[in-house]
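This report describes how the parts of one chain are arranged, working from strands and helices to cores and single residues. The sequence and the structure are shown first, and the text is best read alongside them.

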Amino acid sequence: MVTVNSTAGIAASDIDIAHSAADFKQLLLAEISQAKSRIYISALYIQDDAAGREVLAALYQAKQKTPTVDICLFVDFHRAQRGLIGDKASGGNRDLYLALEQQHQVSINIYGVPVKRKELLGVLHLKGMVIDNVLLYSGASINDIYLQQAERYRLDRYYRLNNQALADNFCQYLQRYFIDSNLAPLLNQGELPDNKVVKRNILRLTRLLKSSKYRPFSASEIGTESTNIQASMFVGCGRRGNQLNRVIRDLVRSSRNTLVIFTPYFNLPKPLLRDLDAALKRGVKVTLTVGDKKANDFYNADEATFSTVEIVPYIYERLLASFLAKRQKYLDNGTLSLRLWQHDNNSFHLKGLVVDERYHLLTGSNLNPRAWALDLENGILLDDENGEIANKFAEEFKRITQNTKVIRQASEIESVQNYPEKPRKLLKRLRMTQVDRLLKRFL
C-alpha cells in the first residue's frame, strides 16, 4: 500500500493521453491558442529550431490576443546559454529569446533556473505545461524531434490532466521557488546578473530546492465520488530527503502482482535495483521497457565521425546486458520481461511506473543516478483504485510496445566484440582507468 500525505481528486474523463509526438504538439498549440488566464511551461529547454520558434510564436500570439494572460516559461539556466554539443560559437537559445522579445510589442517571461553551478552537476528537469486549468504532463522538452516537426520523433508520454487543483499547485510551486525568490533571472530581458551574483544565487537556490515541496491540497480539492482517482504531486532534488525518490522506492517495494517500468537509459540507482530484485524474489511480474542503444540521442553509426561523448549508448547497453545476465532465471520463468524499443532512426525518451495496474507514476525522472541525486525532478502519482483509466493505459502501452523486441536472454544483446572499433577500444580504455564508474554517476 502506497501512502501519501495529500491528494486531489480527478475524474477519469478529465485524463486523456495523446497518441504521438505530433499529436502532442497539436494539442499544445491548441491549448495555447485558447488560453484565457495563464500559461506556465517548465522544460529543460525550448530550442532555437522550427518547433521551438513555432511554440514561442504561438505564445506571443496568445499574449497579443489576450494581453492579461500571464505567460511564464522556465528553462535550465545553463542549457539556454550554450549551443548544441560541438557548436561552441553559438550563444544558445537565449539569443532567440532576446531577439523575439525585441520584435514584439507584447512581452512574455522566460526564466533561467540555475539548479547547480554547472550543467554537468544538475539541471532543471522539472516538467509540466499549464494552460489555464489544464496540466499537460510529459517528459518532452520543446524542439523539432520531441514534437515531431518533420518525420523523426522522440517518443515520450503525453498526458492531459484537466484539473484546477493540480494546475494551481504546479504554478504556485514555480511562482514561489523561481519567481518570488528572485533567484531565476529573466533570460529574454536585458543583461544577466554578473558572475558573483549568479554564483551566490545558485547556492541559495540549490539549498532552497533541496527542501522544496508542492503545497498540500486543501479539503475542498480532495474531490467527490465522481472523482475517484486520487492525484499526488512530488518533487525531489538531491540524494537526501528526496520526496520523489522515496515515492518511487515505495511503489516498487509495495508491488505485489505486476510492475511496469519505463526508462530510456538503463542505469538504475543501487537502492532501486535492490528494491527491484526484492520484487522479483517475491514473484512480482516485472516488465521493463527500455530504449535500444540505437534509440539513444547520442548514438552514431558512422565510425568516421564517432566522438567520445557518443560512447554513452554503449555504456547503457553494457549495463543492461550485465543486469540481464545476473537475472537469467527470472527471464526463464517469466517473472522478468525485457522489451527493447527501436523504430527506424527515432529515439526513446519515456519514463514512469505502473504498479499492480492501480498506481500510475508520470515523471520526467530517468530513474538513474543523475536523476536520483543531481537534477531537479518531479512527478504525478495517479491512484486508480477502481481501474477507471485501465483501458486508456492499455492503449498507451500497446502503442509504446508495438516497436519493441522481447529479450529472453542476455546473449541477445549485442556483444562488445561486435561493436565498431572505436567504441570497442574506448570502452576498454574506460574500464582500465575506471572512469566508467564516474560516468555512471552522471549518466
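Buried means under 20% relative accessible area and exposed over 50%, with partly exposed in between. The model discussed here is a predicted one. As a case of the middle class, Asp 356 has a relative accessible area of 23% and is therefore partly exposed.

## Strand pairing

Strands β3 and β4 pair in the parallel sense over five bridges, and within this pairing Ile 39 stands opposite Ile 71 in β4. Together with helix α2, these two strands, β3 and β4, make a right-handed β-α-β unit. Strand β4 also pairs with β5 (residues 109–113), again in the parallel sense and over five bridges, and there the bridge partner of Val 75 is Gly 112 in β5. Strand β4, residues 70–76, is mostly covered, since six of its seven residues are buried.

Antiparallel pairing is found around β9, which is joined by three bridges to β2 (residues 15–17) and by four bridges to β7. In the pairing with β2, Ile 17 has Tyr 159 of β9 as its bridge partner, whereas in the pairing with β7 it is Val 134 that is matched with Asn 162 of β9.

## Helix α1 and its buried lysine

Helix α1 comprises 13 residues, 21–33, and reaches 19 Å from its first C-alpha to its last, which is close to the 18 Å expected at 1.5 Å a residue. Its buried residues are Ala 21, Phe 24, Lys 25, Leu 27, Leu 28, Leu 29, Glu 31 and Ile 32, and these pack against the strands β3, β6, β7 and β9 as well as against helix α2 (50–65).

Is Lys 25, a residue of helix α1, buried or exposed? Lys 25 counts as buried because its relative accessibility is 8%. When residues up to four places away in sequence are not counted, Lys 25 touches Glu 54, Leu 147 and Gln 149.

## Helix α5 and its two sides

Helix α5, residues 195–210, has 16 residues and reaches 23 Å between its first and last C-alpha, close to the 22 Å expected at 1.5 Å a residue. Its buried residues are Val 198, Asn 201, Ile 202, Leu 205, Thr 206 and Leu 209. Because they cover an arc of only 140° around the axis, these residues are on the same side of α5. An α-helix has 3.6 residues a turn, so residues three or four places apart point the same way.

What covers the buried residues of α5 includes β5, α4, β10 (229–237) and β17 (376–383). The face turned away from this buried side carries the exposed residues Lys 196, Lys 199 and Arg 207.

## Nonpolar cores

The largest nonpolar core has 96 residues, and those with the most contacts inside it are Ile 39, Leu 59, Phe 74, Tyr 173, Phe 178 and Leu 376. Helix α4 (residues 164–179) supplies the largest share of this core, with 10 residues. A second, separate core consists of 37 residues, including Ile 261, Leu 276, Val 286 and Ala 410. In soluble globular proteins, nonpolar side chains tend to be buried together.

Which residues are in contact with Phe 178, leaving aside its neighbours within four places in sequence? They are Phe 74, Val 113, Leu 124, Tyr 173, Leu 183, Ala 184, Leu 205, Leu 209 and Leu 376.

## Loops and single residues

Two residues other than glycine have a positive phi, namely Asn 182, where the value is near 60°, and Asp 356, where it is near 55°. Asn 182 lies in the loop between α4 and α5 and is exposed, with a relative accessible area of 63%. Asp 356 has its place in the loop between β15 (352–355) and β16 (359–363).

Two further residues belong to helices. Lys 329, in helix α9 (residues 328–332), is exposed with a relative accessible area of 56%, and its C-alpha is separated by 9.4 Å from that of Gln 409, 80 residues apart along the chain. Asp 250, found in helix α6 (residues 243–254), is partly exposed with a relative accessible area of 26%, and a separation of 9.8 Å lies between the C-alpha atoms of Asp 250 and Leu 272, 22 residues apart along the chain.

Terms used: Residues numbered from 1 in each chain as written. Predicted model: local features only at pLDDT ≥ 70, side-chain atom pairs only at ≥ 80, totals over all residues. Heavy atoms only, no water. Expected span 1.5 Å × (residues − 1). Buried < 20%, exposed > 50% of the residue type's maximum accessible area, 1.4 Å probe, protein only. Contact = heavy atoms within 4.5 Å. Pairing = 2+ DSSP bridges. Right-handed = clockwise from strand over helix to strand, strands pointing away. Core = buried A, V, L, I, M, F, W, Y, C linked by side-chain atoms within 4.5 Å. Arc of directions from axis to C-beta.
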